[in-house]
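Biologist: I am new to this structure and would love a close look at one part of it. Could you walk me through the sheet and what surrounds it?

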Amino acid sequence: MEEKILIVDDEEVVCHILDKRLTMEGYFCTTSNNGKEALDRFYKESFSLIISDIKMPEMNGIELLKRVKAIHPKMKMIMVTAYPEIDMAVEAMKLGAYDFLIKPVDLELVVLSVKRALESKRLEEEIEAYHNRLEELVGERTAKLQQAYRTLKKAHLDSVKVLAEAIDAKDPYTRGHSDRVKRMSLRIAEGLGLSEERLEALEYGALLHDIGKIGIKDEILQKQGPLSPEEYRIIQAHPLIGEKIVEGVEFFRDKIPMIRHHHEHYDGNGYPDGLAGEQIPLEARIITVPDAFDAMTSIRPHRKARPLQEVLEELKKFRGTQFDPQILDYFLKEKVYKLL
Ligand SMILES: [Fe+2]
């Protein structure tokens, strides 16, 4: 690409000499006799470099330098000054001029300074391009990593879903129970404003809340008719069995409270620990509501599906005893059960 140089000097002859010499070097030069005119040209055209005298009428070189740098901080400017103006040259360097040359100018020095300035500009542009490319690369890698993470997370969730189906398969009448409880629990938790992180943990916790049933004999789980006190005791062990099943897996550690406490009652009469009120982890208090709702609406061997209105009335009877009143109210008011 051809390098364009703007030469600014109120002495026509200086402009001419510089123009001639730099054109010989293969640069394309434009000249201007004062700072104001030069600034106009700078606004309209694009230059690789400006060589400017300091002392000029209308707008001096320092003012031109300030204006140029305000718009284009990386613009290279070489200042030319007569010996008595050395202080101004120092000020120009402080303001970001690339170099300064003393009049009468040595043309070889001018050529050298121009070459150095343009080389420095080229290097800066190269570094900038490199940084941009680096940022682009980091962006691409980050996107790939995020995609890989999403794929991995989905694969993981899918395997947990398989596990949840295995839990539901223990009792053929509760097919899809874990998934329904998960969906309703998430809907409640979103409504209560739980963080993304807690919602994600709840998704797994709700899916696996009954995992302990895997350790209970089918004859008991699927028994038609009333259970003996001993059979009740065995069934009531499923939150603890569930905890035992997952406790060795780091990923499930924060889901344990949901598995262990999903049968606690708000008034303290639940199991296994008889926790009450806010002692019961919020996620477990949430899971309890859709868990009970879904158990009541599912068809059992000895019973037809109950009408929705009857189930809702039944839930209301246990507001504040079995269920956290706030969570139950939300469940009923927002008709969370309609998700199904
Ligand atoms: Fe359960």
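Modeller: Happy to; here is a tour of the sheet, followed by its place in the whole chain.

Please keep in mind that this is a predicted model. The protein chain has 14 helices and five strands. With a radius of gyration of 40 Å, against the 20 Å that the globule rule gives for 340 residues, the chain is more spread out than a compact globule. Its C-alpha atoms fill a box of roughly 115 × 35 × 30 Å along the principal axes.

Now to the sheet itself. What is the order of its strands? The open sheet has five strands in the order 2-1-3-4-5, and their pairing is parallel. Strands of a sheet pair through backbone hydrogen bonds. Strand 2 (28–32) and strand 5 stand at the edges with a single partner strand each, so one side of each has no neighbour in the sheet. On average, neighbouring strands are turned by 20° against each other, direction ignored.

Strand 4 and strand 5 are a good pair to look at in detail. Strand 4 covers residues 76–82, and five bridges join it to strand 5, the two running parallel. You can find one of these pairings at Ile-78, whose bridge partner in strand 5 is Asp-99. Helix 4 (residues 86–94) packs on the sheet and touches both strand 4 and strand 5. The direction of helix 4 makes about 170° with that of strand 4. Helix 5 lies across strand 1 (4–8), strand 3, strand 4 and strand 5, and runs at about 155° to strand 4.

Two loops next to the strands deserve a stop. Between strand 5 (99–103) and helix 5 (107–169) there is a loop that holds Pro-104. A cis peptide bond joins Lys-103 to Pro-104, with omega at about -5°. The other loop runs between strand 3 (49–53) and helix 3 (61–71), and Glu-58 is found there. Glu-58 has a positive phi, near 70°, though it is a residue other than glycine. Is Glu-58 exposed or only partly exposed? With 14 other C-beta atoms within 10 Å, Glu-58 is partly exposed.

Let us step back to the whole chain. The chain is divided into domain 1 (4–130) and domain 2 (170–339). The C-alpha centres of domain 1 and domain 2 lie 78 Å apart.

What about the nonpolar cores? The largest has 34 residues, and those with the most contacts inside it are Ile-188, Leu-208, Val-289 and Ile-327. Among the elements that give two or more residues to this core are helix 5, helix 6 (177–191) and helix 7 (196–207). Helix 12 gives the most, with six residues. Leaving out residues up to four places away in sequence, Val-289 touches Ile-188, Phe-323, Ile-327, Leu-328 and Phe-331. A second, separate core has 33 residues, including Phe-42, Ile-50, Ile-51 and Met-77.

To finish, there is another cis peptide bond, this one joining Tyr-271 and Pro-272, with omega at about 5°. Pro-272 lies in the loop between helix 11 (256–261) and helix 12 (282–297). Lys-335, in the segment after helix 14 (325–333), has a positive phi of about 45° although it is not a glycine. Lys-335 is exposed, with 9 other C-beta atoms within 10 Å.

Conventions:
Residues are numbered from 1 along each chain as its sequence is written. This is a predicted model: local features need pLDDT of at least 70, side-chain atom pairs count only at pLDDT 80 or more; totals for chains, interfaces and linings use all residues. Helices (H or I, at least four residues) and strands (E, at least two) are DSSP runs, numbered from the N terminus. The radius of gyration is taken over C-alpha atoms; the globule rule is 2.2 Å times the number of residues to the power 0.38. A residue is buried if 20 or more other C-beta atoms lie within 10 Å of its own, exposed if 12 or fewer, and partly exposed in between; C-beta atoms are placed from the backbone. Domain bounds come from an automatic or database domain assignment. A nonpolar core is a set of buried Ala, Val, Leu, Ile, Met, Phe, Trp, Tyr and Cys residues joined through C-beta atoms within 7 Å. Two residues are in contact if their C-beta atoms, placed from the backbone, lie within 7 Å. Two strands pair if DSSP finds at least two bridges between them. Axes are lines fitted to C-alpha atoms, for helices over the stretch in contact, and angles run from 0 to 180 degrees between N-to-C directions.
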